[in-house]
Amino acid sequence: MSRYPRGLGFFQKVAHLGSLLYQQYNDTTYTLKNVYDLLSNEFTDTYTTTTPDPRTTSTTPDPTTSTTPKYRISRAELGRILNRNYRGLQKLFRLEWNDAWNQTKYNIDGYKSELKNSAFPPPNRTAVASGGPLSVNLTVQVETKLKGSP
């Protein structure tokens, strides 16, 4: 008689779930720390970039050793850009929302008309739409002349 392997017990499942949650927490905190460090190193605290004043330097720097500092955006400037983008998204949302709200009236009217036509179809329209027979009066007028008649 062979025995089937038993699945994980309740406590093993709880321990496995706890392990997964712990790993997820560690990964999240590590990622957030890296993002925070990256963002804090890329921005300046001042509004302008950190470039030396050309009037105060009296000597000409050697072109082979001089490097220009990397342009870094200030936190205030980033805030202005994000605020402008956020306001633009709000305006776009309001336009789309108002357009959808205005179209609702027309959509409801169309739905009511389709529902009415499906429940009470107008006469002779269903025969044409379904390809059924039409009740059309076709009359042909024939004139005949007999021989010898004036």
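This report describes the helices, side-chain contacts and surface of one protein chain.

**Overall architecture**

The model is predicted. The protein chain holds three helices and zero strands, and from the N terminus on its elements follow the order α-α-α. Of its 150 residues, 3% count as buried.

**Helix 2 and its kink**

Helix 2 covers residues 75–119, which makes 45 residues. At 1.5 Å a residue, a span of 66 Å is expected for helix 2, and its end C-alpha atoms lie 63 Å apart, so the two values agree. Helix 2 nevertheless contains a kink of about 30°, and this kink is centred on Thr104.

Ala76 also belongs to helix 2. With a relative accessibility of 47%, Ala76 counts as partly exposed, because the partly exposed class lies between 20% and 50%. Ala76 is separated from Thr44 by 32 residues in sequence, while the C-alpha atoms of Ala76 and Thr44 are 9.1 Å apart in space.

**Salt bridges**

Side chains of opposite charge can pair when their charged atoms come close. Over the whole structure, two salt bridges are found. One of them joins the side chains of Asp37 and Lys33, with a distance of 3.1 Å from N to O. Both of these residues lie in helix 1, four residues apart, which is about one turn of the helix. Another salt bridge is formed by Asp109 with Lys105, whose closest N and O atoms are 3.8 Å apart. Asp109 and Lys105 are both in helix 2, and they too are four residues apart, about one turn of the helix.

The accessibility of the four residues in these salt bridges is set out below.

| Residue | Relative accessible area | Class |
|---|---|---|
| Asp37 | 28% | partly exposed |
| Lys33 | 48% | partly exposed |
| Asp109 | 38% | partly exposed |
| Lys105 | 51% | exposed |

Lys105 counts as exposed because its 51% relative accessibility passes the limit, exposed being over 50%. Lys33, at 48%, is partly exposed.

**Aromatic pairs and a nonpolar patch**

Two aromatic pairs are found in a search of the whole structure. In the pair of Phe10 and Phe11, the ring centres are 5.3 Å apart and the planes stand at 70°, so the arrangement is edge-to-face. The reasoning rests on the angle, because planes over 60 degrees apart count as edge-to-face.

Where does Phe10 lie in the chain? Phe10 is part of helix 1, which comprises residues 10–42. Phe10 and Phe11 are both exposed; for Phe10 the relative accessible area is 60%. Together with Val14, Phe10 and Phe11 make a nonpolar surface patch of about 380 Å². Phe10 thus takes part both in an edge-to-face ring pair with Phe11 and in a nonpolar patch on the surface.

**Summary**

In brief, the predicted model shows a chain of three helices without strands, in which 3% of the residues count as buried. Helix 1 carries the salt bridge partners Asp37 and Lys33, and helix 2 carries Asp109 and Lys105 as well as the kink centred on Thr104.

Notes: Residues are numbered from 1 along each chain as its sequence is written. This is a predicted model: local features need pLDDT of at least 70, side-chain atom pairs count only at pLDDT 80 or more; totals for chains, interfaces and linings use all residues. Side-chain values use heavy atoms; hydrogens and water are left out. Rings of Phe, Tyr and Trp (its six-membered ring) pair if their centres lie within 6.5 Å; planes under 30 degrees apart count as stacked, over 60 as edge-to-face and the rest as tilted. Buried means under 20% relative accessible area, exposed over 50%, partly exposed in between (1.4 Å probe, protein chains only). Patches are made of residues with over 30% relative accessible area and no salt bridge: like charges are joined within 9 Å, nonpolar side chains (Val, Leu, Ile, Met, Phe, Trp, Tyr) within 5 Å. Accessible areas come from the Shrake-Rupley method with a 1.4 Å probe; for residues, only the protein chains shown count as cover. A salt bridge is a side-chain nitrogen of Lys or Arg within 4 Å of a carboxyl oxygen of Asp or Glu. Helices (H or I, at least four residues) and strands (E, at least two) are DSSP runs, numbered from the N terminus. The expected span of a helix is 1.5 Å times one less than its number of residues. The bend at a residue is the angle between axes fitted to the seven residues ending there and the seven starting there.
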